[in-house]
Amino acid sequence: MPKFFVGQICGTQVQITGTNARHIGLSLQMCVGDSLVVSADWTDYQCQIRQIAPECVDLDVIAAIEDTAEPSIVLTLYQALQKTDKFVQIVQKAVELGAARIVPMQTQRCVSRPSKADFAKKLQRLQRIAESAAKQSGRSAIPEVAPLYTLQEVCDELASSDHALLLYEGGGKHFSEFSLESRGTVVVLVGSEGGFSPEEAVQITQSGAVPVWLGKRILRCETAPLAAIAVVMHRTGNL
């Protein structure tokens, strides 16, 4: 059944406009009486088309649907910037695997070094990619792609998480040594093509993160975050 995201649902009626409305009427060729799913505030709703026009579709909310796709944990990926194509892939796959938030950060060894203003110009496209991945994977909300962070801004947020895991090629604990609860917040921090510098690793660990590693094989920077998210989801019963 087709799924669409809206900001919120008030009462028993909802309206979809713009591109999504055109997609419903023209691409999907849906009609009055057809059913679809609308997601808002991390909840799915079964809806029925009451009225349809090229730029506006009016729906009646039939019932809330039990969500089975959203993880029981809230996972944030702090990812050092990479070349645009690699970062796009990470956003897409992290959303599919269950990440709730993706935070790009600038670190010492990043090859790509846009200013915050320049990166802000890319956010709309990255958010669209996150939305498409959320639809494809049956998510009930669109994960946020945050503006560009400095490492200090990242460290300032770590204390609010239940678990902060630093993927560090310099060594650390095995994932099997952690006791990860099936509820709560988990943070995963991943470096760029050159990883984190020793000084950055110290700064991050002093802010509360625990170094972990994924084994003896060297993973590409676009592979490591996805492997880590998959392991965390498995360890918390979400995969």
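This is a guided tour of one protein chain, stop by stop, with a selection to make at each stop.

**The whole chain**

Begin with the full chain in cartoon view, and keep in mind throughout that the model is predicted. The chain has 6 helices and 13 strands, and its C-alpha trace spans about 60 × 40 × 30 Å along the principal axes. If you colour by relative accessibility, buried residues make up 46% of the 239 residues.

**Strand β7**

Select residues 101-106, which form strand β7. This strand is mostly covered, with 6 of its 6 residues buried. Show the side chains, and you can follow two sets: Arg-101, Val-103 and Met-105 point one way from β7, while Ile-102, Pro-104 and Gln-106 point the other way, and all are buried.

**The neighbours of β7**

Now add residues 73-80, strand β6, to the selection. β6 and β7 pair in the parallel sense over 5 bridges, and one place to look is Tyr-78, whose bridge partner in β7 is Val-103. To follow the connection between these strands, trace the chain from β6 through helix α2, residues 84-97, to β7; this β-α-β crossover is right-handed.

Next, add residues 144-145, strand β8, which pairs with β7 in the parallel sense over 2 bridges. Here the bridge partner of Ile-102 is Val-145 in β8. Add residues 149-150 as well, since strand β9 also pairs with β7 in the parallel sense, over 2 bridges. At this pairing, Gln-106 stands opposite Thr-150 in β9.

**A pause on helix α2**

Return to helix α2 and select Phe-87, which lies in this helix. Phe-87 has a relative accessible area of 3%, so Phe-87 is buried. For a distance to display, take the C-alpha atoms of Phe-87 and Leu-126: these residues are 39 residues apart along the chain, and the two atoms are separated by 9.0 Å.

**The network around Arg-101**

Go back to β7 and show the side chain of Arg-101 together with those of Glu-144 and Glu-157. Which residues does the salt-bridge network join? Salt bridges that share partners join Arg-101, Glu-144 and Glu-157 into one network, and the two contacts can be taken in turn.

The side chains of Glu-144 and Arg-101 meet in a salt bridge at 3.2 Å, N to O. This pair links distant parts of the chain, with Glu-144 in strand β8 and Arg-101 in strand β7, 43 residues apart. The two partners can also be compared by accessibility: Glu-144 is partly exposed, with a relative accessible area of 36%, whereas Arg-101 is buried, with a relative accessible area of 18%.

The side chains of Arg-101 and Glu-157 likewise meet in a salt bridge, with an N to O distance of 3.2 Å. Because Arg-101 lies in strand β7 and Glu-157 in helix α4, residues 151-158, the pair ties together parts that are 56 residues apart in sequence. Glu-157 counts as partly exposed, at 24% relative accessibility.

**Another salt bridge, between two loops**

Select Arg-139 and Glu-70, whose side chains meet in a salt bridge at 2.7 Å, N to O. This pair also links distant parts of the chain, 69 residues apart: Arg-139 lies in the loop between α3 (116-136) and β8 (144-145), and Glu-70 in the loop between β5 (56-65) and β6 (73-80). Are these partners buried or exposed? Arg-139 counts as buried at 2% relative accessibility, and Glu-70 counts as buried too, at 15%. If you wish to look for others, the count for the structure comes to 10 salt bridges.

**The largest pocket**

For the last stop, centre the view on Tyr-168, Glu-169, Ile-218, Leu-219 and Ala-224, which lie nearest the centre of the largest pocket among the 21 residues that line it. About 410 Å³ of space lies in this pocket. How many of the lining residues are nonpolar, polar and charged? By class, the lining has 11 nonpolar, 5 polar and 5 charged residues, a division that you can display by colouring the lining by class.

Technical notes:
Residues numbered from 1 in each chain as written. Predicted model: local features only at pLDDT ≥ 70, side-chain atom pairs only at ≥ 80, totals over all residues. Heavy atoms only, no water. 1 Å grid on protein atoms, 1.4 Å probe; cavity = no way out; pocket = protein on both sides within 12 Å on 5 of 7 lines; lining within 4 Å. Points joined across faces, edges and corners; volume = space filled by probe spheres on them. Nonpolar A, V, L, I, M, F, W, Y, C, P; charged D, E, K, R; others polar. Salt bridge = Lys/Arg side-chain N within 4 Å of Asp/Glu carboxyl O. Helix = DSSP H or I, 4+ residues; strand = E, 2+ residues; numbered from the N terminus. Buried < 20%, exposed > 50% of the residue type's maximum accessible area, 1.4 Å probe, protein only. Pairing = 2+ DSSP bridges. Right-handed = clockwise from strand over helix to strand, strands pointing away.
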